[in-house]
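Hi everyone, thanks for coming along. Please have a look at the sequence and the model while I get set up.

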Amino acid sequence: RTLPVTPVVSIVVRSSVAAEQGTVPGGFQVSRVGSLTSPLSVNLTFAGTAVSGADYTGLTSPCTIPAGSSFTVITFTPVDDADVEGPETVVVTISSGAGYVVGTPAVAQAIITDNDVAALPVVGVVTAGPNPSESGPTAGQFVISRSSAAATPLPVYFTIGGTAVNGTDYAPVQSPAVIPAGAPSVTVSILPVDDTDIEGPE
């Protein structure tokens, strides 16, 4: 086999999943095919959804393949922050430079797994407005609220009790009630049915 005069450089992921939990590192292997007599400096660029210095540390450019070696391993360490981010990517690409040719694969990706969970909202319910009445009829209201508004809707499940019968003594009320995205609360209305039964307060 004849080796190329100018080294051909490629990259693969070596440790594809890094983790904030326990700061488990990730890594890439930068390899060359060609002469091994001298150290080889290889230029790299970094991309992905993870940000160097904020989400991980340890990757710098250029990296150096030592003399006598066909590869070097570069590693990064996740930053165990308190942000709820979900999985993030670290993408390393070989850039052109002096003394080598960019081969394939020239791009590799690793993933940083997150260990932070969003705090659950505190949900409560209060009565609002007048007492419901068959006369009119007049609707009663329950306001279900959450401790802080969020960008996503929140279904809130509930049960109904009491002597009045859901769907018979008042219009059907179904669970869950959904607090809309960006809203702190939702109102559940109780609309009595004006029947002819003598029932007393329910």
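I'll go from the overall build to the sheet, the cores, the rings and two single residues.

A word on the ground rules. This is a predicted model, so to speak of local features we need pLDDT of at least 70, and side-chain atom pairs count only at pLDDT 80 or more, while totals for chains, interfaces and linings use all residues. Residues are numbered from 1 along each chain as its sequence is written, and side-chain values use heavy atoms, with hydrogens and water left out.

Let's start with the whole protein. How many helices and strands does the secondary structure come to? The count is 0 helices and 16 strands. Here helices (H or I, at least four residues) and strands (E, at least two) are DSSP runs, numbered from the N terminus.

Now the overall dimensions. The C-alpha atoms fill a box of roughly 100 × 30 × 20 Å along the principal axes. The radius of gyration is 31 Å, well over the 17 Å that the globule rule gives for 202 residues, so the protein is more spread out than a compact globule. That radius is taken over C-alpha atoms, and the globule rule is 2.2 Å times the number of residues to the power 0.38.

Of the 202 residues, 30% count as buried. Buried means under 20% relative accessible area, exposed means over 50%, and partly exposed is in between, using a 1.4 Å probe and protein chains only. As for contacts (heavy atoms within 4.5 Å), take those between residues at least 6 apart in sequence: 62% of them join residues at least 24 apart.

On to a sheet. Strands of a sheet pair through backbone hydrogen bonds, either parallel or antiparallel. One open sheet has 4 strands in the order E2-E11-E9-E5, with mixed pairing; two strands pair if DSSP finds at least two bridges between them. Which strands stand at the edges? They are E2 (17-19) and E5 (44-47), each with a single partner strand, so one side of each is left without a neighbour in the sheet. Neighbouring strands here are turned by 25° against each other on average, direction ignored, with axes being lines fitted to C-alpha atoms.

Follow E11 through this sheet. E2 and E11 run parallel and are joined by 3 bridges. Valine 17 has isoleucine 111 in E11 as its bridge partner, and alanine 18 has isoleucine 112. E9 and E11 pair in the antiparallel sense over 6 bridges, and there valine 92 is partnered by alanine 108 of E11. E11 also has two faces: Ala108, Ala110 and Ile112 are on the covered one, and Val107, Gln109, Ile111 and Thr113 on the uncovered one.

Next, the cores. A nonpolar core is a set of buried Ala, Val, Leu, Ile, Met, Phe, Trp, Tyr and Cys residues joined through side-chain atoms within 4.5 Å. The largest has 22 residues, and Phe28, Val30, Val42, Leu59, Phe76 and Val90 touch the most other members. Strands giving two or more residues to this core include E1 (8-15), E3 (26-33) and E8 (71-78). Apart from it lies another core of 12 residues, among them Leu154, Ile179, Ala183 and Ile190.

Now some rings. The structure holds 2 aromatic pairs; rings of Phe, Tyr and Trp (its six-membered ring) pair if their centres lie within 6.5 Å, with planes under 30 degrees apart counted as stacked, over 60 as edge-to-face and the rest as tilted. Tyrosine 56 and phenylalanine 76 have ring centres 5.5 Å apart and planes at 65°, so this pair is edge-to-face. The two residues are 20 apart along the chain, in strands E6 and E8, and both are buried. Ring pairs link Phe28, Tyr56 and Phe76 into a cluster.

Finally, two single residues. Threonine 93 is in strand E9. Is threonine 93 buried or exposed? Neither: at 24% relative accessibility, threonine 93 counts as partly exposed. Beyond its neighbours within four places in sequence, its contacts include Asn43, Leu44 and Val107.

Isoleucine 144, in strand E13, is buried, with a relative accessible area of 6%. Its contacts, again leaving aside neighbours within four places, include Val123, Phe158, Ile179 and Val186. Strand E13 (residues 140-146) runs antiparallel to E16, joined by 6 bridges, and serine 145 stands opposite serine 185 in E16. Along E16, Val186, Val188 and Ile190 point to one face and are buried, while Ser185, Thr187 and Ser189 point to the other and are not.

Thanks for listening!

Conventions: Axes fitted to C-alpha atoms, helices over the stretch in contact; angles between N-to-C directions.
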